[in-house]
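Visitor: I'd like a walk through this fold, and I'll keep asking how you know what you tell me.
Guide: Fair enough, let's put it up and start with a helix.

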Amino acid sequence: MSIVDIIQNEAIIAPGIYDPLSALIAKRAGFKALYLSGASISYTYLGMQDLSFTNLTDVENALRRITNRVDIPIICDADTGYGNEDNVAHTVRVLERAGAAAVQIEDQDFPKRCGHLPGKEIIPAEEMVLKIKSAISARRDAAIIARTDAITISGVDEAISRANTYREAGADIVFVESPGNKEEIRRIAREVKGLKLINMVEGGKTPIMDFSELERMGFNIIIYPGSAVRAVASALENLYRTLNITGSTIAIRDRMLDFSQLQDLLKM
């Protein structure tokens, strides 16, 4: 079943993943789709911020490793598509062959920045429309998700206008990044047509809201793209600090999988 088919019937949470282990754990938790975050690849693969340091090859390699181990639909973040409309077509073909069930592209200019960082710039809407049409022509079955970062640059009216323009251009799902308050979220839910995705980032610009409330508003996919990395980073900080100070992991043993539990998780 495709992502579009799934969300026609029910709203879903798609948690962020970044490698096969995180994907296996998320699948075990019972999610119906997962979100491969470009930011999380940058954080974990390079140890760097989401500032366009990763490229198509990095994302393709991460995606292939994940789809080799899990058969759950993966939404793949492809940043700006790594260039113009011709590059976008190539990106969609590469990521679909690597197993993406949906490919997300955005209207930021290159080099892009995390949607919750300042200093972003956006391309003209007409240029993004060309990218969307190119992505649709190149895909076989993958859904195309079009994201706009206009809200923090040009305001919510422009962001809503762009989202509807991208929907009219053929995007299957649209995504207004980083609304700053609940009223902006409500307006996006009311005024953006078609299937909609919203992003929850702990400590980001958008207030964290409960799934049931977002579902009632009309959002179809709620992503938590970097939550896993933030949780893992916190757990590792605690582990390494405890080990360094106490000389063992005894004090935090109950917060770890033991050897046999990990082996059970990794079974083929």
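Visitor: What makes S22, A23, L24 and A26 in helix α2 count as buried?
Guide: Buried means under 20% relative accessible area, exposed means over 50%, and partly exposed is in between (1.4 Å probe, protein chains only). In α2, which covers residues 20-29, S22, A23, L24 and A26 fall in the buried class. The helix label itself comes from DSSP runs: H or I over at least four residues for helices, E over at least two for strands, numbered from the N terminus.

Visitor: Before we go on, what sort of model is this?
Guide: It's a predicted model, where local features need pLDDT of at least 70 and side-chain atom pairs count only at pLDDT 80 or more, while totals for chains, interfaces and linings use all residues. Residues are numbered from 1 along each chain as its sequence is written, and side-chain values use heavy atoms, with hydrogens and water left out.

Visitor: Back to α2, then: what do its buried residues pack against?
Guide: Two strands, β1 (12-17) and β2 (34-36), and two helices, α4 (56-67) and α12 (259-265). A contact here means heavy atoms within 4.5 Å. Just after α2, G30 takes a positive phi of about 105°.

Visitor: Which residue after α12 touches L21 and L24?
Guide: That's L266, which also touches R69, leaving out residues up to four places away in sequence. L266 sits in the segment after α12. L266 and L21 are 245 residues apart in sequence, yet 8.0 Å apart in space, C-alpha to C-alpha.

Visitor: Why is L266 called partly exposed?
Guide: Its relative accessible area is 35%, so L266 lands between the 20% and 50% cut-offs.

Visitor: Why does the chain pass as a compact globule?
Guide: The rule of thumb is 2.2 Å times the number of residues to the power 0.38, with the radius of gyration taken over C-alpha atoms. For 268 residues that rule gives a value near 18 Å, and the chain has 19 Å, so the two agree. The C-alpha atoms fill a box of roughly 60 × 40 × 35 Å along the principal axes. Inside that box there are 12 helices and 8 strands, and 50% of the 268 residues are buried.

Visitor: How do you know that distant parts of the sequence meet?
Guide: Take the contacts with a separation of 6 or more: 68% of them join residues 24 or more positions apart.

Visitor: What makes a set of residues a nonpolar core?
Guide: The members must be buried Ala, Val, Leu, Ile, Met, Phe, Trp, Tyr or Cys residues, joined through side-chain atoms within 4.5 Å. The largest such core has 58 residues, and those with the most contacts inside it are L36, L63, I74, L95, I132, Y166 and L214. Helix α6 (residues 125-138) supplies the largest share, 6 residues. Apart from that core lies another, of 18 residues, among them I7, A14, I75 and A143.

Visitor: What does I74 touch?
Guide: Its partners include I17, L34, L36, L63 and I66, as well as A100, A101 and A102, not counting residues up to four places away in sequence.

Visitor: Why is D79 called buried?
Guide: D79 has a relative accessible area of 3%, which is under 20%, so buried is the right word. This aspartate lies in the loop between β3 (74-77) and α5 (85-97). Its phi is near 50°, a positive value in a residue other than glycine.

Visitor: Where else does a non-glycine residue have a positive phi?
Guide: At S178, where phi is near 55°. S178 lies in the loop between β6 (173-176) and α9 (182-191). With a relative accessible area of 2%, S178 is buried too.

Visitor: Why does D109 count as partly exposed?
Guide: D109 is at 33% relative accessibility, in between the two cut-offs, and therefore counts as partly exposed. D109 lies in the loop between β4 and α6 and touches T80, E121, I122 and I123, sequence neighbours up to four places away aside. D109 and D79 are 9.9 Å apart, C-alpha to C-alpha.

Visitor: What makes the F110 and P111 peptide bond cis?
Guide: Omega is about 0° for the bond joining F110 and P111. P111 lies in the loop between β4 (102-106) and α6.

Visitor: And D50, is it buried or exposed?
Guide: Buried, because its relative accessible area is 5%, under the 20% limit. D50 is in the loop between α3 (38-46) and α4, and its contacts include Y43, K112, R113 and C114.
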